[in-house]
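User: I want the reasoning behind the labels, not just the labels. Please take me through one helix.

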Amino acid sequence: MAQVKLEAKIRKETGKGAAKALRREGRVPAVLYGRHMDQPIVMDVDAKATEQILRTVGKTAIISLEFEGADKQLAMLADYQRDVFGTRLQSVDFKQVNLKEKVIATVPIMVVGESAGVKEGGVLEQSVRELKIEALPLDIPAHIEVDITELGLGHHLCVADIKCPANVTILDNAEEQVINIAIPRSVAVAEGAAESEAAAEEAPAAE
């Protein structure tokens with residue numbers, strides 16, 4: 001995972017009034033915390049730049065927070081809040097990272113290929129869309145691909161079936177079902193009728 005830069009400013013004023021003033025200026029109240037820090041850093045970041053990071057690399061990005069007159073800090077997005085309409089950022093939480101220490105992150109699943117079962121009329125059902133993983137910060141993938149090409153009608157794929165890089169550990173329950181190729185009722189009825197007809201033809205005639 002590549003690093004991205006984000007300019008940050010130490011925030012001296014806190015409270016709702018100060019936060020509203022920041023948002024009017026196109027900035028967002030933020031905080032940086034970490035287990036190796038004596039206390040969190042209260043700061044603010046540019047709203048548009050932060051939105052760009054969310055759109056392009058999401059919460060898996062390694063962010064270099066650049067402070068004027070202070071050391072930069074490496075971090076990841078921990079959480080963020082939007083307004084009631086879900087359009088504008090209201091606040092952002094960052095967690096400090098050490099490139100030599102493993103972290104836990106959530107990455108999206110990218111489904112690739114066309115299932116053989118879907119070609120036969122099956123319906124793809126995806127019950128899990130993200131995976132919780134553990135890895136070194138720079139080894140965190142932007143997504144994990146799941147190839148469904150070989151999945152036939154009635155087949156499913158579990159967490160244990162997902163292949164990921166050797167330096168990445170999936171923490172989710174290995175038996176949890178991720179994808180299922182469901183058999184539509186119309187197909188099931190047709191197959192049942194065909195089996196009944198075949199059985200009737202094979203049955204010996206009554207004397």
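Analyst: Start with the packing. This is a predicted model. The buried residues of H2 pack against five strands: E1 (3-10), E3 (41-46), E4 (62-67), E5 (73-82) and E6 (89-96).

User: What makes that packing, in terms of heavy atoms?

Analyst: Contact means heavy atoms within 4.5 Å. The buried residues of H2 pack against E1, E3, E4, E5 and E6 in that sense.

User: Which residues of H2 are buried, and why are they called that?

Analyst: In H2 (residues 47-56), they are Thr50, Glu51, Ile53 and Leu54. Buried means under 20% relative accessible area, so each of these four falls under that cut-off.

User: How do you know which side of H2 they are on?

Analyst: Those four cover an arc of only 155° around the axis, so they sit on the same side of H2.

User: What is on the other side of H2, buried or exposed residues?

Analyst: Lys48, Arg55 and Thr56 are exposed there. Exposed means over 50% relative accessible area, so these three pass that mark.

User: What makes Asp46 a cap of H2?

Analyst: A side-chain oxygen of Asp46 lies 3.2 Å from the backbone nitrogen of Lys48, at the N-terminal end of H2. The limit for a polar contact is 3.5 Å, so this N and O pair is within it.

User: What phi does Gly58 take, just after H2?

Analyst: Gly58 takes a positive phi of about 65°.

User: How much of the protein is buried?

Analyst: Buried residues make up 35% of its 207 residues. The protein has four helices and 13 strands.

Terms used:
Residues are numbered from 1 along each chain as its sequence is written. This is a predicted model: local features need pLDDT of at least 70, side-chain atom pairs count only at pLDDT 80 or more; totals for chains, interfaces and linings use all residues. Side-chain values use heavy atoms; hydrogens and water are left out. Buried means under 20% relative accessible area, exposed over 50%, partly exposed in between (1.4 Å probe, protein chains only). Helices (H or I, at least four residues) and strands (E, at least two) are DSSP runs, numbered from the N terminus. The arc is that of the directions from the helix axis to the C-beta atoms. A polar contact is a pair of N or O atoms within 3.5 Å; within protein, one must be able to donate a hydrogen and the other to accept it, and residues adjacent in sequence count only if both atoms are side-chain atoms.
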